[in-house]
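Visitor: Please give me a close look at a single part of this model. Start with the overall frame, then go inside.

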Amino acid sequence: MTPAERRASASLSLVFALRMLGLFIVLPVFALEAARLPGGDDASRVGLAMGLYGLTQAFLQIPLGLASDRFGRKPVIVAGLLVFALGSGIAAWAPDLTWLALGRAVQGAGAISAAVTAFLADVTRDSVRTKSMALVGGSIALMFALSLVFAPALAGWVGLSGIFALTGVLAMLAIAMVIWVAPAEPQEHRPSDMQHLRAGMAEVLRHRGLMRLNLGVFVLHAVQLAMWMALPALLVSAGLAKASHGHIYLPAVAASLVVMGGVLFPMERRGRLRAAFLMAVALIGAVQLALWALADAKPGLWTLGLLLFVFFIGFNTLEATLPSLVSRLAPAHARGAALGVYNTLQSVGLFVGGVVGGWLAHAHGAQGLFAVCSVAMLVWLVVAWPMQAPSSAARR
């Protein structure tokens, strides 16, 4: 990478990291802490409150992605972070589950993922794009792991309201990073009017390769969120106290990042990105099948730790390759639109994972939940099989 690309990758990865830490830090304790609020005795409502973030994200990713194409990346990112901070304040104050759900919905309205990813794609070359996206994906995975480690202790110290207040502070820090640290954005690909914006969106929606990737990100994040409606209970059943779950999560994430870095980038340099992609999908599917088979047998901690390690290898690989492939396939003038559609499907996946995962865990138990996740991963593998990574000539 050039110095400018390193600066862009580092600063925008940190923006993503601060915002995703604000999102993830409530995930390990949300179901348990929300149950203490009025209305929190219904697991389906708790799942809805958790997943509403993804629903409002889904409605606004495309409009904000288009807005970033038209008006610039930085103004849209700053505005979205301010909305996220407002939602964090509502959730911190919430006296019952209904207000907590409203706060989560407002948080999700700060839908900046498309704008941030498009910004990173604007300021990096195709040859280093996957590496840049891997930094973002790695920062997301690291924030997820740190959240799983520190959230239980924070919940015991400041409660769920204090954690949401912290997410607002993190959003403000991310705003400072965007304004004063992130590089200036290029202007040459900005559409001049709404007609060009609509034409770019139509081009994106007709693109079969992009739609295949969009389906994939939907399944990936639906399965990710659904898993955590049942996985913490399996760890408790295996004898690991809630406050100690990070002792498994953090090593699994850290080791998976090392494996991903040692496998993904060499395979991409050899022109085998498609194989790495499909292997990652298959690994997550295998984990779901194993959890389906073992859920009623109360698997031990070593087994669950190994399955988490394999899951995070696949998850981190896909977090790096999916947005990189979307940014390569998308026309430059509609990159924000393409990543808006992509992040919309990602957000819908988070919503569906929370709502359907909560219902499945309540109605059919962990085994039923992991059975559905296994089928979803199999469908994705079949749909993804014909994919082809963009060639160097096509990228040029």
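With 396 residues, what radius of gyration does the protein chain have, set against a compact globule? And what volume does the largest cavity have?

Guide: This is a predicted model: local features need pLDDT of at least 70, side-chain atom pairs count only at pLDDT 80 or more, and totals for chains, interfaces and linings use all residues. Numbering runs from 1 along each chain as its sequence is written, and side-chain values use heavy atoms, without hydrogens or water.

The frame comes first. The protein chain has a radius of gyration of 20 Å, which agrees with the value near 21 Å for a compact globule of 396 residues. That radius is taken over C-alpha atoms, and the globule rule is 2.2 Å times the number of residues to the power 0.38. The C-alpha trace spans about 55 × 45 × 35 Å along its principal axes. The chain has 15 helices and 0 strands (DSSP runs, numbered from the N terminus: H or I of at least four residues for helices, E of at least two for strands). Of the 396 residues, 58% count as buried, meaning under 20% relative accessible area with a 1.4 Å probe, protein chains only.

Now the inside. The structure holds 5 cavities of 30 Å³ or more. A cavity is a set of points on a 1 Å grid over the protein atoms alone where a 1.4 Å probe fits but cannot get out; lining residues have an atom within 4 Å of a point. The largest cavity has a volume of about 250 Å³, the space filled by probe spheres set on grid points joined across faces, edges and corners. It has 23 lining residues, and the closest to its centre are F16, I140, E319, N343 and Q346. Elements that give two or more residues to this lining include α1 (3–24), α7 (126–180) and α9 (208–227), along with α13 and α14. α1 gives the most, with 5 residues.

The lining divides into 13 nonpolar, 8 polar and 2 charged residues. Here Ala, Val, Leu, Ile, Met, Phe, Trp, Tyr, Cys and Pro are nonpolar, Asp, Glu, Lys and Arg are charged, and the others, Gly among them, are polar.

One more stop, on α13. This helix covers residues 301–329 and holds T317. T317 is buried, at 7% relative accessible area. Beyond its neighbours within four places in sequence, T317 is in contact with M260, L264, A276 and A280 (contact: heavy atoms within 4.5 Å).

How values were computed. Buried means under 20% relative accessible area, exposed over 50%, partly exposed in between (1.4 Å probe, protein chains only). On a 1 Å grid over the protein atoms alone, a cavity is a set of points where a 1.4 Å probe fits but cannot get out, and a pocket is an open set with protein on both sides within 12 Å along at least five of seven lines; lining residues have an atom within 4 Å of a point.
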